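I opened this entry to record what I looked up in the model. The strand pairings come before the ligand site.

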Amino acid sequence: MPASLIIGACWGDEGKGKIIDYLSKTADYVVRFHGGNNAGHTVINRFGKFAMHLIPSGVFNKKTIAVVANGVVIDLEVLLDEIQMLKKAGIDVSQKLIISPRCHLIMPYHKVLDNLYEQAKGEKKTGTTGRGIGPVHADKVSYNGILVSDLLDTKLFKEKLRLQLNLKNTIIKALGAKPFSEKEILNAFFLLRKKIKPFIQEPYPLLHEALAKKRHVLFEGAQGTFLDNNWGTYPFVTASTTVSGGITHGAGVPASALSTVLGVTKAYTTRVGEGPFPTELLDKIGEKLRQTGNEFGATTGRPRRCGWFDAELVRFAKEINGLTHLAVTKLDILDTFPNIKICTGYTYYGKPIKYYQTDTPLLGKVKPVYKTMKGWLSSTKGITSFSQLPHPARIYLLELEKITRIPIAYISTGAKTDEIIKR
Ligand code: IMP
């Protein structure tokens, strides 16, 4: 299996971090290829508990090289904090972390602009993570970005920063906030530059060589299919390409190199931030899912919205990403629910409607069609074999497989990396 991709099949927070930590045991390279520190991949393994924001979750394995490829936007302070956090836990990344010089930098003004735009939108806000993700991508596509490679050329970095501050401070002042000082940013970035310099290297030839030698390269998707900037619930999306094709522009690797595309979904559905969510439960059941599943964001701590499993979404995720398998996480969270529903599709004014036929306002109005399954009312926590699962839990999973038409390869039964069933 030379190249495999792990991707979120819903709105992010599907439990990708744990699955990546588990699967990266055989990986030579683990590659982040989009997003930034809006991601929060939780990993609980023999080193401790970690919320990984930028460094790929596969970094914990001795032989695995962690790559932050060009599609990732980088907040240098967050990256350096993460390197320190790993060092404290006994993981020295000095010989095993590669940062692409093509990555765009999240500058301090991007974070301020992110929050100013959200405030200006008021009730119509996106509900961003406030990490500057939208503004840094806007600069990237409008030719205003500052790259990691620019850090290495003092004159160029100063010129680019001056130009950007002229533009950004004008907007920031107009929106009533305090402008940035060029000197302060320069001083801070030259300090950060020293620390980051040893990690800067173009990963393109390494990845292509690894693929040619049939080494295992694991791509770590962040966020999820329905936060994709084109195919998600726009404008309630993130700024990057979260679907499988993103590996081409985000890491320079053709999608045809992939032999496995593993979609990760919870045994139910969650979403953070605004936007339509057809199976959302605004009642006691939703609250019970949130509390039992500890559904609070790893990045922002915000409560996640919770609802039943949505097979229409997952079928679309299969088609657009070319999912070959599914990993279903957090099965144990459903242990105490007497009845569990699966959304098998949507209707609009009584007529069936597919996800791709909707736009964002329409998706907010569709009615989910449910199939009710019997709960198992016993603990599945830590179970590692399919045959040991209670009968109704097996029936539930087989039904998910049938309705989504995707084979389930992994079932996660707890937060720890070894609490997993491999089928
Ligand atoms: P941004 O990516 O911070 O600009 O936020 C845009 C939208 O994507 C918001 O609804 C966020 O809550 C959501 N989002 C961004 N990253 C993640 C993630 O890693 N998990 C879940 N939702 C996310």
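**Strand 15 and its partners**

I started with strand 15, which pairs with strand 17 (residues 367-374) through eight bridges, the two running antiparallel. For a register point I noted Asn 339, which stands opposite Lys 374 in strand 17. The model is a predicted one, and I read local features with that in mind.

Next I looked up strand 16 (residues 351-353). Three bridges join strand 16 to strand 15, again in an antiparallel arrangement. Thr 347 has Pro 352 of strand 16 as its bridge partner. I then checked the turn: the hairpin of strand 15 and strand 16 has two residues between the strands, and Tyr 349 takes a positive phi near 50° there.

Strand 13 (residues 309-310) was the next lookup. Strand 13 runs parallel to strand 15 (residues 339-348), and two bridges join them. Asp 310 is paired with Cys 343 in strand 15.

**The nine-stranded sheet**

I traced the open sheet and wrote down its order, 7-5-2-9-1-10-14-18-19, for nine strands with mixed pairing. Why is one side of strand 7 and of strand 19 left without a neighbour in the sheet? Strand 7 (97-99) and strand 19 (420-422) stand at the edges and have a single partner strand each, so one side of each stays unpaired in the sheet. I recorded an average twist of 20° from one strand to the next.

Inside this sheet I looked at strand 10 (residues 260-266) and strand 14 (residues 325-329), which are parallel and joined by five bridges. Thr 265 stands opposite Val 328 of strand 14. I also noted helix 12 (residues 391-404), which lies across strand 14 and strand 18 (408-412). Helix 12 runs at about 140° to strand 18.

**The ligand site**

Which residues come nearest to the ligand? I listed Asp 13, Asn 38, Thr 129, Thr 238 and Arg 302, out of 17 residues around it. The shell divides into six nonpolar, nine polar and two charged residues.

I then went through contacts to oxygen atoms of the ligand. A polar backbone atom of Gly 127 is 3.3 Å from an oxygen atom of the ligand. For Val 272, a polar backbone atom is 3.2 Å from a ligand oxygen atom. Arg 302 contributes a polar side-chain atom, 2.9 Å from an oxygen atom of the ligand. I closed with the cover: on its own the ligand has 470 Å² of accessible area, and the protein covers 96% of this.

Key:
Residues are numbered from 1 along each chain as its sequence is written. This is a predicted model: local features need pLDDT of at least 70, side-chain atom pairs count only at pLDDT 80 or more; totals for chains, interfaces and linings use all residues. Side-chain values use heavy atoms; hydrogens and water are left out. A residue is near a molecule or strand if one of its heavy atoms lies within 4 Å of it. A polar contact is a pair of N or O atoms within 3.5 Å; within protein, one must be able to donate a hydrogen and the other to accept it, and residues adjacent in sequence count only if both atoms are side-chain atoms. Accessible areas come from the Shrake-Rupley method with a 1.4 Å probe; for residues, only the protein chains shown count as cover. Ala, Val, Leu, Ile, Met, Phe, Trp, Tyr, Cys and Pro count as nonpolar, Asp, Glu, Lys and Arg as charged, and the others, Gly among them, as polar. Two strands pair if DSSP finds at least two bridges between them. Helices (H or I, at least four residues) and strands (E, at least two) are DSSP runs, numbered from the N terminus. Axes are lines fitted to C-alpha atoms, for helices over the stretch in contact, and angles run from 0 to 180 degrees between N-to-C directions. Contact means heavy atoms within 4.5 Å.
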